[in-house]
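Load the model in your viewer and have residue selection ready. The tour goes from a helix to a loop and then to the cavities.

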Amino acid sequence: MENINDLPVEILTRIFDFLTISDRKHVSRVCRLWHNILHCVRFQRQCRLVFDSTFEEQLSDLEKRILRSCRNLSITHWDDTDDDDYDDDDEDEQLEKEVIVQFKYLFKPSPERNVTDLLFEESLPLESLEINTTFDSCRDIIEDRLPQLEQLRELFLSFDQNRNPNSPKSHPGIWVLQHKNLETLRIGLSYEIDAFRIEAPSLTYLDIQPKCRWSMEIVETYCRQLRTLKLRFQHVEYMESFLSLPFPSLTHLQVRMYDDKEIQMRYARNRNRIVDAERDEQFVRDMPKLRKLLLESNLLFFRIGVLLAKCNHQLEELTLEEQQIDYAQLKVVESLPKLKSFTLFRCEVLMPSPALPSLNMPHLDKLELFYNESSIVFNEGLSGLKSLKISLWTEKNHKVLYKICKNLPNLEHLEVLANTKLVNTCLRYLHRLTNLRSLKLDNSEPSTLLWQHCPVVPSIQRVVFYNCTLTSDTLLPVARLFPNMRELFIDRCYFKKGFAEGKSESDSEGGRR
């Protein structure tokens, strides 16, 4: 083969997959073939075009040409008067500004009209659309035109506060947003609104913050067809409504309710909570297809955690964040027969005794423990682990890593986030992990002494340094200790100039690379 263009288009496409977005821009200028490949649907779907503007001026012809091939579009509409905070004591001045703005738009299109022309003047092949603006502006932009974007599958609307809270609503009544092919809907709210409805018969993915009744109505309307649901509660009454709904098609559920520990404790002392037991159990049974669950809610885990095991649920991935978990509740997780991945993030396990909590889950494949107040004992109960991500707080981190190397023989991926200095002997027994393929060190400063105590580990093929402090002296031994290494990633690390052992750090210079 004399020319790379003699390769089949499928192989060239696969090669271009490894390029970054900026590299693809330059490569597309090499020849017409490469230009056509990099402008096909496959690559356009991986790019997002971002417009961040006041939109007081109409788009240029060049921008319109770019839009004709755009698949993913993000629009942020902001007002040039946003820098001046609204002051209730200065209403006359604010009103004068509004009159001037309205007068200005008598002779040219408003910003909302310019955005409307951008979206609906031509038939754009958009599959994903994101709009960040106020509710009134978004309504002006879209109105009932959304069905014109026939290929649209994903919509993200972020409603910011109105710039003038005292201004009258430009559209009285309810805005009904309709699209027959829409599958994914994400709505971000910074305030409560009650004049919005959705009609999307193909909807399967919903991400919303139930701050008002209409948002719960969306969940109630599409609960039976949703496959992915992400909720962020602020009011307990909306969670009660949520627990009364069936989700027969749901596979991925994410529920957050911030700072609800006191609510959970009051609920635990409520003698009438037995009345909710049947409803909570029915809620769990009505999610037979659920495979991924993320909970950042003490109250919800208290109510359904035990039921997941009681109903012999087929859950495969469980993530608990920002919670205080009773040890008895943690032991319930062991009873989930199909669980393969378990994550604890910023959690505290409340123990009846000073002993450290342990897990007996030999069927578990993946465990992530980040920024938790409690440590976990790594014993034979986790012998089946293949992937472990852990943050180390203790100065005796070498003892933790010794337990890992001793009791987790099937480990293939190890990621260590060091929140304290690593002991020089912490990697001494790394060679016992004969199946280890990948090692990642995060937020650490690997010294030459660390590598001196580390044995040769021929099984490792991938090494990653992230947010680390490195020198040439600490990098050179890596090739010797991991002779079969095929990939070395260095990301967001601080490089010092090489200096002799014992020389003060302040005498060296370095920079981010």
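Which helix and strands do the buried residues of H17 pack against? This is a predicted model. Select residues 472-481, which form helix H17. Its buried residues are Thr 474, Leu 475, Pro 477, Val 478 and Leu 481. Look down the axis of H17: these buried residues fall within an arc of 160°, so they line one face of the helix. An α-helix has 3.6 residues a turn, so residues three or four places apart point the same way.

Now add the partners to the selection. The buried residues of H17 pack against helix H16 (448-452) and against four strands: E20 (462-466), E21 (469-470), E22 (487-491) and E23 (494-496). Turn to the face of H17 directed away from the buried side, where the exposed residues Leu 476 and Arg 480 sit.

Next, select Ala 355, in the loop between strand E15 (348-350) and strand E16 (366-370). Ala 355 is partly exposed, with a relative accessible area of 45%. Add Val 377, which lies 22 residues from Ala 355 along the chain; the C-alpha atoms of the two are separated by 9.5 Å.

Last, the cavities. There are three of 30 Å³ or more, and the largest holds about 70 Å³ of space. To show the lining of the largest cavity, select Lys 64, Leu 67, Arg 68, Asp 117, Leu 118, Glu 121, Glu 122 and Leu 124. Helix H5 (61-67) and helix H7 (111-120) each supply at least two of the lining residues. Colour the lining by residue class: three residues are nonpolar, none polar and five charged.

Notes
Residues numbered from 1 in each chain as written. Predicted model: local features only at pLDDT ≥ 70, side-chain atom pairs only at ≥ 80, totals over all residues. Heavy atoms only, no water. 1 Å grid on protein atoms, 1.4 Å probe; cavity = no way out; pocket = protein on both sides within 12 Å on 5 of 7 lines; lining within 4 Å. Points joined across faces, edges and corners; volume = space filled by probe spheres on them. Nonpolar A, V, L, I, M, F, W, Y, C, P; charged D, E, K, R; others polar. Buried < 20%, exposed > 50% of the residue type's maximum accessible area, 1.4 Å probe, protein only. Arc of directions from axis to C-beta. Contact = heavy atoms within 4.5 Å.
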